[in-house]
Amino acid sequence: MKILVFGSTGMIGQRIATELRNRGHAVTGVSRRGGTAEGDIKGDIHDAASLAAGHDAVVTAIAPPRDGTEPEGPFLEANKALIEGLRTAGVRRLIVVGGAGSLQVAPGQDLVDTPGFPEIYKKEALAGRALLHLYRGVDDLDWTFVSPAAEIAPGERTGKFRVGGDTLLSDDQGRSFISAEDYAVAVADELEKNANIRKRISVAY
């Protein structure tokens, strides 16, 4: 497949692009400063209509800012521009790198609403939840929203993890973790299998 990856120089986006390339897909990585891998270009998500043309699928690994600014408005506007751009380009398949804050820890309670949720990540998590609501209102694109575990960090690529839905996955010790490498495997698997169209999935050990 020909796949466009927005945010391809970030911690998660870079690993998704690498995983897809290693599987033989033709990947165009897009970032504001340009990437170093062959096929990477300098670009912006607002230019999705022109950048996505001719691709089979798009991955967006653009994250809300953590610099103290209010992330929800510009972040959601960027994703609205992406949605309209894909419609214009005629590209239906989309993978959205989401957050864990909107995953449920109890009936009616999301992780971001629990006492003790780290304040430094709260605005980002709330923006991620708003993003999920945005995509759930889109019925003319084949999107999949992929939420990681509560913790995601560079680590080992094992290829072994669980795939769930709207509930936070955790292990027997109560830890919710996934390596960025295995998260990338889950994204690549979903792109190849198309098993969860217009659904949110979660991945963790």
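Arg136 is partly exposed in this predicted model. Its relative accessibility is 41%, and the partly exposed class lies between the cut-offs of 20% for buried and 50% for exposed. Arg136 is found in helix α4. Leaving aside neighbours within four places in sequence, Arg136 is in contact with three residues: Trp143, Asp166 and Arg200. Arg136 and Arg198 are 62 residues apart along the chain. Even so, their C-alpha atoms are separated by 7.2 Å.

Helix α4, residues 122-136, also holds Arg129. The relative accessible area of Arg129 is 19%. Arg129 is therefore buried, since the buried class covers values under 20%. Residues up to four places away in sequence are again not counted for its contacts. Beyond them, Arg129 touches Ser102, Asp110, Val112 and Asp113.

Helix α4 contributes to the largest nonpolar core as well. This core has 26 residues. Those with the most contacts inside it are Phe6, Val58, Leu82, Leu86, Leu94 and Tyr135. Several elements each supply at least two residues of the core. The helices are α2 (48-51), α3 (72-89) and α4. The strands are β1 (2-6), β5 (93-97) and β8 (142-147). Helix α3 gives the most, with six residues.

Leu94 shows how parts of the chain come together around one residue of this core. Neighbours within four places in sequence are left aside here. Leu94 is in contact with Val58, Thr60, Leu82 and Leu86. Leu94 also contacts Tyr135, Asp142, Trp143 and Thr144. A second, separate core has 25 residues. Among them are Ala57, Ile95, Val97 and Val187.

Val187 also takes part in the contact of helix α1 with helix α5. Helix α1 spans residues 11-22, and helix α5 spans residues 180-193. Their axes come within 8 Å and cross at roughly 55°. The two helices are therefore oblique to each other. This angle falls outside the roughly parallel class, under 35 degrees, and the roughly perpendicular class, 65 to 115. The crossing is right-handed.

On the α1 side, the contact involves Met11, Ile12, Arg15, Ile16, Glu19 and Leu20. On the α5 side, the residues are Ala180, Glu181, Tyr183, Ala184, Val185, Val187, Ala188 and Leu191. By class, this contact has 11 nonpolar residues and three charged ones. No polar residues take part.

Terms used:
Residues numbered from 1 in each chain as written. Predicted model: local features only at pLDDT ≥ 70, side-chain atom pairs only at ≥ 80, totals over all residues. Heavy atoms only, no water. Axes fitted to C-alpha atoms, helices over the stretch in contact; angles between N-to-C directions. Helix = DSSP H or I, 4+ residues; strand = E, 2+ residues; numbered from the N terminus. Parallel < 35°, antiparallel > 145°, perpendicular 65-115°, else oblique. Left-handed = near helix turned anticlockwise from the far one by under 90°. Contact = heavy atoms within 4.5 Å. Nonpolar A, V, L, I, M, F, W, Y, C, P; charged D, E, K, R; others polar. Buried < 20%, exposed > 50% of the residue type's maximum accessible area, 1.4 Å probe, protein only. Core = buried A, V, L, I, M, F, W, Y, C linked by side-chain atoms within 4.5 Å.
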